[in-house]
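Thank you all for coming; I would like to walk you through one structure this morning, and I will go slowly for those who have not seen it before. Please have the sequence and the model open as I speak.

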Amino acid sequence: MARPEQVLVLEPQHELKFRGPFTDVVTATLKLTNPTDRNVCFKVKTTAPRRYCVRPNSGIIDAGTSINVSVMLQPFDYDPNEKSKHKFMVQSMLAPYDMTDMEGVWKEAKPEELMDSKLRCTFEMPLENDKTTEHSVLPKSASVSLDDGEVKKIMEECKRLQMEVQRLREENKQIREDDGLRKRKVTSVAASHSSNTMTTTAMRDEGLSTRVLALCLLFFVIGAIVGKLVL
């Protein structure tokens with residue numbers, strides 16, 4: 001008995017395109033739409049399960065709704081001479097009204113209840129002239145979108161920024177001058193304090209010397225007097 005026709009609508013229908021470079025993960029999106037009035041169970045399978053990550057790879061699509069399936073191709077060394085033989089299959093079946101266990105439903109499903117659609121994979125590398133065109137077109141479109149009013153605003157903003165830079169330079173200069181003045185004042189105060197300290201020390205030393213000399217003279221006089229009394 002032939003299998004029933006696929007009820008899900010696939011976008012794209014026949015081919016998943018992956019556009020390089022393939023040094024990082026490349027993702028293609030597969031949209032599944034359920035146009036029926038019944039919930040539909042689905043599974044996504046591939047002939048190269050180690051090369052792809054599919055999210056979600058199974059589930060239920062409610063009646064009249066759709067979901068997006070992300071197909072992520074893992075990084076690999078691309079060879080333009082090697083054609084891709086990878087294929088995907090979307091398998092589906094009408095969900096039973098009393099369904100409680102989806103895995104059990106798949107195990108108990110009869111072959112004539114299953115529907116499937118197959119897609120092939122293609123790899124494409126962006127051409128160098130495509131990159132050049134993308135980079136050259138963008139500045140041109142940006143320049144065209146600027147009118148005279150926007151140009152005037154940009155010029156005024158540049159002028160304001162220049163004035164702000166000049167003001168900051170003057171403030172920086174004033175700060176340096178004030179800092180230099182403070183340093184000179186600190187140096188002057190330190191020198192004055194050192195001079196006062198030296199003067200005080202000299203006066204103390206001079207006073208000490210005077211007292212020592214007076215004591216020596218006093219001892220000499222006392223000695224002289226004591227000597228006369230003895231004689």
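Let me begin at Val9, which stands opposite Thr33 in β3. I should say straight away that this is a predicted model, and that the values I quote are computed from it. The strand in question is β1, which is joined to β3, residues 26-33, by 3 bridges, with the two strands running antiparallel. If you now follow the pairing outwards, you will find that 4 strands form an open sheet, in the order β1-β3-β7-β5, and that the pairing is antiparallel. The edge strands of this sheet are β1, residues 9-11, and β5, residues 52-55, each of which pairs on one side only. Neighbouring strands here are turned against each other by 20 degrees on average, if we ignore direction. As a general reminder while you look at it, side chains in a regular strand alternate between the two faces of the sheet.

Let us turn to β8. Is strand β8 largely enclosed by the rest of the structure or open, and why? Strand β8 covers residues 87-94, and because 6 of its 8 residues are buried, it is largely enclosed by the rest of the structure. As for its partners, 7 bridges join β8 to strand β4, residues 40-46, in an antiparallel arrangement, and Val40 stands opposite Leu94 in β8. Strand β8 is also joined to β9 by 6 bridges, and these two strands run antiparallel; here Ser92 stands opposite Met115 in β9.

Staying with β8 for a moment, I would like to look at the aromatic side chains. The count comes to 8 aromatic pairs, and one of them is formed by Tyr52 and Phe88, which meet edge-to-face at 4.9 Å centre to centre, with 80 degrees between the planes. This pair links distant parts of the chain, since Tyr52 lies in strand β5 and Phe88 in strand β8, 36 residues apart. Tyr52 counts as buried because its relative accessibility is 7%, and Phe88, with a relative accessible area of 3%, is buried as well. Both residues belong to one aromatic cluster, formed by Phe18, Phe22, Tyr52, Phe76, Tyr78, Phe88 and Phe123. Phe76 has a further contact, in that the charged end of Arg51 sits over its ring, 4.7 Å from the centre.

That brings me to charged side chains. In general, side chains of opposite charge can pair when their charged atoms come close. How many salt bridges does the count come to? The count comes to 2 salt bridges. In one of these, the side chains of Arg120 and Glu15 meet at 3.1 Å, N to O. Arg120 is in strand β9, residues 115-124, and Glu15 is in strand β2, residues 15-19, so that this pair, too, links distant parts of the chain, 105 residues apart. Arg120 counts as partly exposed, at 46% relative accessibility.

Glu124 forms a salt bridge with Arg19, and the closest N and O atoms are 3.7 Å apart. Because Glu124 lies in strand β9 and Arg19 in strand β2, the pair ties together parts that are 105 residues apart in sequence. Glu124 is partly exposed, with a relative accessible area of 31%, and Arg19, at 42% relative accessibility, counts as partly exposed.

That is where I will stop, and I am happy to go back to any of these places on the screen.

Notes: Residues are numbered from 1 along each chain as its sequence is written. This is a predicted model: local features need pLDDT of at least 70, side-chain atom pairs count only at pLDDT 80 or more; totals for chains, interfaces and linings use all residues. Side-chain values use heavy atoms; hydrogens and water are left out. Two strands pair if DSSP finds at least two bridges between them. Axes are lines fitted to C-alpha atoms, for helices over the stretch in contact, and angles run from 0 to 180 degrees between N-to-C directions. A salt bridge is a side-chain nitrogen of Lys or Arg within 4 Å of a carboxyl oxygen of Asp or Glu. Buried means under 20% relative accessible area, exposed over 50%, partly exposed in between (1.4 Å probe, protein chains only). Rings of Phe, Tyr and Trp (its six-membered ring) pair if their centres lie within 6.5 Å; planes under 30 degrees apart count as stacked, over 60 as edge-to-face and the rest as tilted. A charge sits over a ring if NZ of Lys or CZ of Arg is within 6 Å of the ring centre and within 35 degrees of the ring normal.
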